[in-house]
Amino acid sequence: MTETMTTEAPEQPARMLARKKAVSAATGVAEVVVRVLAVDDHALLLDGMRVQLGLDPEIDFVGGLPDPSGLLDAVERLRPDVVTLDVEMPGPEVFESADRMRQRFPDVRFIFLSAHIRDSLLSAAYRCGASGYFAKGDDLRDLAAGIKRVARAVRGTFVMGPKVLAQCPAARAVRSVRRTRRASVEDAPPVCALDRLTSREIEVLRHIGGGKGRVESGKTLSRSPKTVDGHQ
């Protein structure tokens with residue numbers, strides 16, 4: 001089953017309230033149909049999502065895109081409630097595209113759907129304002145449940161798919177924290193190893209990534225090579 005990091009409560013945007021409703025098979029209660037736009041360069045996955053999500057009466061699959069280049073125009077035209085985004089696609093950088101969408105359409109929520117499950121990607125997804133992270137290996141029925149949960153939950157809810165929870169240490173740490181106390185997303189966001197570095201350690205890391213040695217880095221940072229070694 002899909003799990004979230006926060007306690008949820010209904011918070012349907014005004015634009016959803018006027019649309020058609022479907023009766024939930026699980027609860028027997030009429031629910032607003034969630035409009036979904038998917039962005040992925042794998043045509044077979046888009047076709048599978050179109051078919052599987054189309055079987056859910058509470059979801060309306062409104063369209064698919066092969067890359068993020070036309071994302072803003074598609075959101076403007078199709079008015080989705082939730083957008084799913086692959087992490088690695090041709091075209092514009094996906095996290096930057098997601099951030100632009102969030103700024104222009106703040107009511108639209110988005111989920112990352114990726115074949116890669118890494119702490120750094122999970123952390124980046126959370127930090128750019130995503131509402132969830134799922135693996136492409138997750139059952140599409142779990143994805144459908146996650147999409148509906150994201151659309152109807154309080155703002156700030158972060159939903160993780162079963163494989164993300166099973167494979168990502170950061171996700172398991174957050175789940176463990178939630179068991180011991182009532183934690184909000186702000187209390188315990190997904191983290192990666194980089195989040196635990198000091199600002200000075202990050203500076204040294206950037207110098208190393210740029211090909212600078214300990215002596216050159218020390219001169220730039222006004223620190224001795226020994227101090228640079230310690231930060232490294």
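User: Is Thr84 buried or exposed?

Analyst: Buried means under 20% relative accessible area, exposed over 50%, and partly exposed in between, with a 1.4 Å probe and protein chains only. Thr84 has 2% relative accessibility and therefore counts as buried. This is a predicted model, in which local features need pLDDT of at least 70, side-chain atom pairs count only at pLDDT 80 or more, and totals for chains, interfaces and linings use all residues. Residues are numbered from 1 along each chain as its sequence is written, and side-chain values use heavy atoms, with hydrogens and water left out.

User: Where is Thr84 placed, and which residues does Thr84 touch?

Analyst: Strands (E, at least two residues) and helices (H or I, at least four) are DSSP runs, numbered from the N terminus. Thr84 lies in strand β6, residues 82–85. Contact means heavy atoms within 4.5 Å. Leaving aside residues up to four places away in sequence, Thr84 touches Val36, Leu37, Ala38, Val39, Met49, Ile111 and Ile147.

User: How should one read the packing of helix α2 and helix α6?

Analyst: Two packed helices are described by the angle between their axes and the distance between the axes. Axes are lines fitted to C-alpha atoms, for helices over the stretch in contact, and angles run from 0 to 180 degrees between N-to-C directions. Here the axes of α2 (residues 43–54) and α6 (residues 140–152) come within 10 Å and cross at roughly 70°. The contact is formed by Gly48, Met49, Gln52 and Leu53 of α2 with Leu140, Arg141, Leu143, Ala144 and Ile147 of α6.

User: What share of the residues of the protein chain is buried?

Analyst: Of its 232 residues, 44% count as buried.
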